[in-house]
Amino acid sequence: MQFEKQVEILAPREKVWKFIWDIDRFIACVPGCKDAKTVEDGKRYTATMVEKVGPFKVEFPTTIDVLEREELSHIKAQASGADNKIGSRMKIALDVNLREQDNKTVVSFVAGVDILGKLAALGHGIIKRKADQVLDEFAQAVKTTLEGDQ
Amino acid sequence: MLKRFRLEEPESAAEVSELLGRFGDSAKIYAGGTELLLAMKEGLVQYERLINVKKLKGLSEVSGENGTIKIGALCTHHQLENSSLLQQKLPSLVKLEQNVANVRVRQAGSIGGNLCFAEPHADPGTLLMALGAKLVAEKISGKREITAEDFFVDAYETSLAADELLTGIRVPTPGANSRSAYLKFGYLERPSVGVAIALTLDGETVNNVKIAVGCAGPAPRRVAEAEALLNGKSKDEAVRLLPQAGAIAGRASEAISDLHGAQDYKEHIVGVLLKRAFNSIVS
């Protein structure tokens, strides 16, 4: 499943970039994400992703690896996790790009999300919709947090 | 493999509500089990306790009084397809029930369980919406009625509170001029699209039009805009407006692309089914 989102933030690029690497504040914007820890600064992080569709709950202990990093403009990362209780795995390939436009920073990201295992029984459409909702909430939360800092 | 669980067997709705309140997310109501047990066997959900409601009295009957048809939440699909009252008063619901899933599901599965599980590809909610049904929810502190529109929140999600249980369905008894139909289409066991329409035919004029679409999206939806388009129109005029109403209903279905079909395909089928359903009750 491929998702493309773009969010315009009324804040300078440096500030947005700094925010992305402030793991605690950043993770607070990811719906259902908790217990974020830095394993190796700027390279590897762990967190737990908790999501719910009706009575179905998943909890993915997730490892996030930063694969590429271009100061102030680009991040390529990969997140993967498994819920052994339900027997499902999740893999997210994330590309984030930042660019300045007038007095705003445009953050665009492309997320390739793969869900494997029993969770897929819920149906591709339902999972896709949920993932889309999570990404929208995330984008909105980032915007609200950063613009609220003004 | 089904994991071990404790089975509670309360004898009243109040007791069920108390157990739900006490055990929260670790307990779940068990009626027919046709959806729940499959999900549990798959390991998709796990509960420490199942609250068997099958022994509750008075929730397995269909009756009619004061202009309302009352359907107990524990009525099985098989019971509903064979109810003489429904055959007489709500033939569209009988036809729907005759075609729910397969004979094993219809024998064990209950209408209440079907509605509460809120599986997106379930049939009954869509027709009940068009029929103007209200769902009765009970808990220790009281009872309330929820319109079918307000009951379905999202895929697998209803507006029932954590300690509430669905005890019955109330459908206004259709008048002599009332007509309704539910049509579905799918090539897998669960339907891709379901469309319901209810209206009154006063001479050559269609009134009180209610349209609902289900299965295509996360939950059944009423389509007020399409209803308004057809309401109060002559039969012929309504027929001319059906493609437009179908397109509106297709968009309102919030169709999701999945193995049951692509979004635009489902939206198209909504229009086709709406036209067929309308013609089947008006022609």
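**Helix H11 and domain contacts of chain B**

In this predicted model, the buried residues of helix H11 of chain B pack against four elements of that chain: strand E13 (205-214), strand E14 (221-222), helix H10 (224-230) and helix H12 (263-282). The buried positions of H11(B) are Ala238(B), Leu242(B), Ala245(B), Gly246(B), Ile248(B), Ala249(B), Gly250(B) and Ala252(B). The helix covers residues 235-252 and is bent by about 45° at Leu241(B). A proline, Pro243(B), follows the bend within four residues. After H11(B) comes Glu254(B), which has a positive phi, near 50°.

The domain assignment divides chain B into domain 1 (6-52), domain 2 (62-172) and domain 3 (178-282). Taken over C-alpha atoms, the centres of domain 2 and domain 3 of chain B are separated by 20 Å. In the contact between these two domains, domain 2 of chain B supplies 19 residues and domain 3 of chain B supplies 22 residues. On the domain 2 side, two or more residues each come from helix H5 (91-98), helix H8 (124-130) and strand E8 (152-154) of chain B. Of the elements on this side, H8(B) gives the most, with 5 residues. By class, the side of domain 2 of chain B that touches domain 3 of chain B consists of 11 nonpolar, 5 polar and 3 charged residues.

A pair of antiparallel strands was also examined in chain B. Strand E6 (residues 134-139) and strand E7 (residues 142-147) of chain B are joined by 6 bridges and run antiparallel. The connection from E6(B) to E7(B) is a hairpin of 2 residues. Within this pair, Lys134(B) has Thr147(B) in E7(B) as its bridge partner. By residue number, both strands fall within the bounds of domain 2 of chain B, 62-172.

Between the chains, 13 residues of chain A are in contact with 14 residues of chain B. The element that gives the most to the chain A side of this contact is helix H3 (residues 124-148) of chain A, with 4 residues. The chain A residues that touch chain B divide by class into 6 nonpolar, 5 polar and 2 charged.

Methods: Residues are numbered from 1 along each chain as its sequence is written. Chains are lettered from A and ligands numbered from 1 in the order in which they are written. This is a predicted model: local features need pLDDT of at least 70, side-chain atom pairs count only at pLDDT 80 or more; totals for chains, interfaces and linings use all residues. Two residues are in contact if their C-beta atoms, placed from the backbone, lie within 7 Å. Ala, Val, Leu, Ile, Met, Phe, Trp, Tyr, Cys and Pro count as nonpolar, Asp, Glu, Lys and Arg as charged, and the others, Gly among them, as polar. Two strands pair if DSSP finds at least two bridges between them. The bend at a residue is the angle between axes fitted to the seven residues ending there and the seven starting there. A residue is buried if 20 or more other C-beta atoms lie within 10 Å of its own, exposed if 12 or fewer, and partly exposed in between; C-beta atoms are placed from the backbone. Domain bounds come from an automatic or database domain assignment.
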